[in-house]
Amino acid sequence: MATDAPTRFDSLAGRLLVAMPGIGDPRFEHAVILVCAHQRDHAMGLRLDRPAPGVDLAGVLSKLNVEGAENAPIQTVLAGGPVDKERGFVLHTSDWSVADASLMIGDDLAITATKEALAAMTDPDIAPQRAILVLGYAGWGEGQLEEELTENVWLTAEPSLDVLFDQDHGSKWRRALAGLGVDAAMLSAHAGRA
């Protein structure tokens, strides 16, 4: 007698999604996305390889009247995805967090979407070891990400702090693939062949 057994669910929170060539959506070509939340009914991630055009950290902090904006590190702000593009998230190491405001992503990372997190980025006495401001996010509805994974739209990888936080955005996709032992040139050369 056949029964509908529940299917196993493995959360990808804390993992990287690395776009396959020919993803079919120009918003995600060569994307490197950190999955921040993944449950059965939704997933949310931050794209970490695309600078937001004409936006830097000092400018955002000044516009928001964040105390210490003049001390902001010289840093690009990232375009985290097509959803809610004006909403900001500080992705940071977990050595700094705010109770009831920081979402922990594994043991080493967190995201915080408060003005307090922005101010912390400017204060060397309390700043997280590494942090970056991301505007917008990528979101998936129930089963959508799982379907994309079965269609080989994404590879999954363990994140490294350098891929997550450094300012060499143009090479993040290649480096994320290299971390999986995949040569981006070879992958691109064979994409789309039967």
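Biologist: Which helices and strands each supply at least two residues of the lining of the largest pocket?
Modeller: This is a predicted model in which local features need pLDDT of at least 70 and side-chain atom pairs pLDDT 80 or more, while totals for chains, interfaces and linings use all residues. Residues are numbered from 1 along each chain as its sequence is written, and side-chain values use heavy atoms, without hydrogens and water. Helices (H or I, at least four residues) and strands (E, at least two) are DSSP runs numbered from the N terminus. Those with at least two lining residues each are strand 4 (51–56), helix 1 (57–63), strand 6 (83–93), helix 2 (115–120) and strand 9 (131–141).

Biologist: What is the volume of the largest pocket?
Modeller: A pocket is an open set of points on a 1 Å grid where a 1.4 Å probe fits, with protein on both sides within 12 Å along at least five of seven lines; lining residues have an atom within 4 Å of a point. Here 19 residues line the largest pocket, and Val-55, Val-60, Leu-64, Glu-86 and Leu-135 lie nearest its centre. Strand 6 gives the most, six residues. The space filled by probe spheres set on the points comes to about 320 Å³.

Biologist: How many residues of each class line the second largest pocket?
Modeller: This pocket has a volume of about 220 Å³ and 13 lining residues, with Arg-50, Ala-79, Gly-81, Pro-82 and Lys-85 nearest its centre. Strand 4 provides the largest share of that lining, four residues. With Asp, Glu, Lys and Arg as charged, Gly among the polar, and Ala, Val, Leu, Ile, Met, Phe, Trp, Tyr, Cys and Pro as nonpolar, the largest pocket has nine nonpolar, five polar and five charged residues. For the second largest pocket the division is eight nonpolar, one polar and four charged.

Biologist: Within what arc do the buried residues of helix 5 fall?
Modeller: Helix 5 (172–179) has Lys-172, Trp-173, Ala-176 and Leu-177 as its buried residues, buried being under 20% relative accessible area, exposed over 50% and partly exposed in between. Seen down the axis, they line one face of the helix, because their arc is 135°.

Biologist: What phi does Gly-181 take?
Modeller: Gly-181 comes just after helix 5. Its phi is positive, at about 80°.

Biologist: Asn-65 and Asp-84 have positive phi values too; what relative accessible area does Asp-84 have?
Modeller: Asn-65, in the loop between helix 1 and strand 5 (76–79), has phi near 55° and counts as exposed at 63%. Asp-84 is in strand 6, with phi near 50°. Asp-84 is partly exposed, because its relative accessible area is 43%.

Biologist: Which residues does Ser-94 touch, apart from those up to four places away in sequence?
Modeller: Ser-94 sits in the loop between strand 6 and strand 7 (102–105) and is partly exposed at 24% relative accessibility. Its C-alpha is 9.1 Å from that of Arg-130, 36 residues away in sequence. Its contacts (heavy atoms within 4.5 Å) are Met-104, Asp-107, Asp-108 and Leu-109.

Biologist: How many contacts beyond near neighbours in sequence does the stretch 189–194 have?
Modeller: The mean pLDDT (the predictor's confidence in each residue, from 0 to 100) is 90, with 92% of residues at 70 or more. Residues 1–6 are below 50 and have zero contacts beyond near neighbours in sequence. Low pLDDT means that predicted coordinates should not be read in detail. Residues 189–194 are also below 50, and their number of such contacts is one.

How values were computed:
Buried < 20%, exposed > 50% of the residue type's maximum accessible area, 1.4 Å probe, protein only. Arc of directions from axis to C-beta.
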